[in-house]
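Work through the exercises below with the model open. Try each task before reading its solution.

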Amino acid sequence: MLRLITDFDGPIMDVSERYYRVYQLCLQETRYPDQAVTELSKAEFWELKRSHTAEKYIALKSGLDEQQSQKFTQIRKQTVHTEPYFQYDSLVPGAIEALTKVQQAGIDLVVMTMRRVKELDYAINKYDLSKFFPENRRYCLSNDYVKTRDIEDKPLLMARALAELPPAADTWMVGDTEADITAAKTHGIKVIGVESGIRDRTQLELYQPDLIVKDLSATLNIIKK
């Protein structure tokens, strides 16, 4: 059996609008009355996120001061993964077609994400994705999980998945961040970085995945070889 373990945000879901809306909120909540700030365009903001720019620097670049940047970062952390903002996520173009082709090829599909159960279920239900990912093929964080850093938490999630899933002759991981690449490499799994998510090619290259491709649809021919 051939298995594909895919991250959720990046290969399947586009989170750029959610992150940008939260950025706009943080800017409004943090600015002083009558303070002139420079609101970045979505394209400018997302380019900074994809190059792994720190939140503090994004705040300073937007015209906030050092003290405000700390508050900005705190509000962002408290808000970006809350329910009111998940409505702004959308499917990555071509993701459904890609998942359909992977499934039709008889490849075992598994999703592995740093979302919590309720956050993953929200999107699974909204976009009818349970046909690709039944409950025994979903690996995410419990609703009360205390996060440390994704690059530390995701390898633990991978360990649990590999212990629970039936054996596979060959396994590939697809993801858009350093956490995905690290999780796969920690457990000796081949990994493909996709450019459809929150890290650009330069950032992905730093962690040396086996391959880097445009998006999920570009992975099928690779893993079938």
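**Exercise 1. The enclosed space**

How many cavities of 30 Å³ or more does a search of the whole structure find? Describe the lining of the largest cavity.

Solution. Keep in mind that this is a predicted model.
- Step 1: count. The search of the whole structure gives one cavity of 30 Å³ or more.
- Step 2: size. The largest cavity holds about 30 Å³ of space.
- Step 3: list the lining. Tyr19, Val22, Tyr23, Phe45, Lys49, Glu55 and Arg76 line the largest cavity.
- Step 4: assign elements. α1 and α2 (42-50) are the elements that give two or more residues to this lining. α1 gives the most, with three residues.
- Step 5: sort by class. Four residues of the lining are nonpolar and three are charged; no polar residue takes part.

**Exercise 2. The domains**

Into which domains is the protein divided, and how far apart do their C-alpha centres lie?

Solution.
- Step 1: read the bounds. Domain 1 covers 2-14 + 90-224, and domain 2 covers 16-87.
- Step 2: take the centres. The C-alpha centres of domain 1 and domain 2 lie 27 Å apart.
- Step 3: check the contacts. Domain 1 brings 14 residues into contact with eleven residues of domain 2.

**Exercise 3. The open space**

Where does the largest pocket lie, and why? Characterise its lining.

Solution.
- Step 1: size. The volume of the largest pocket is about 1,100 Å³.
- Step 2: lining. There are 36 lining residues; Tyr19, Arg76, His81, Lys147 and Asp150 lie nearest the centre of the largest pocket.
- Step 3: elements. At least two lining residues come from each of α1 (16-30), α4 (66-79), β4 (108-116), α8 (150-164) and α9 (178-186).
- Step 4: classes. The lining of the largest pocket splits into 18 charged, nine polar and nine nonpolar residues.
- Step 5: place the pocket. Both domain 1 (2-14 + 90-224) and domain 2 (16-87) give residues to the lining, so the largest pocket lies between them.
- Step 6: link back to Exercise 1. Tyr19 and Arg76 are among the residues nearest the pocket centre, and Tyr19 and Arg76 also line the largest cavity.

**Exercise 4. The sheet**

In what order do the six strands of the open sheet run, and is the pairing parallel or antiparallel?

Solution.
- Step 1: trace the order. The open sheet runs β5-β4-β1-β6-β7-β8, with parallel pairing.
- Step 2: find the edges. β5 (138-141) and β8 (211-213) each have a single partner strand, so one side of each is left without a neighbour in the sheet.
- Step 3: gauge the turn. Neighbouring strands of this sheet are turned by 20° against each other on average, direction ignored.
- Step 4: inspect one pair. β4 and β5 pair in the parallel sense over three bridges. Met112 has Tyr139 of β5 as its bridge partner.
- Step 5: add a helix. α9 packs on the sheet and touches β6 (170-175) and β7 (190-194). The direction of α9 makes about 170° with that of β7.

Key:
Residues numbered from 1 in each chain as written. Predicted model: local features only at pLDDT ≥ 70, side-chain atom pairs only at ≥ 80, totals over all residues. Heavy atoms only, no water. 1 Å grid on protein atoms, 1.4 Å probe; cavity = no way out; pocket = protein on both sides within 12 Å on 5 of 7 lines; lining within 4 Å. Points joined across faces, edges and corners; volume = space filled by probe spheres on them. Helix = DSSP H or I, 4+ residues; strand = E, 2+ residues; numbered from the N terminus. Nonpolar A, V, L, I, M, F, W, Y, C, P; charged D, E, K, R; others polar. Domains from an automatic or database assignment. Pairing = 2+ DSSP bridges. Axes fitted to C-alpha atoms, helices over the stretch in contact; angles between N-to-C directions. Contact = heavy atoms within 4.5 Å.
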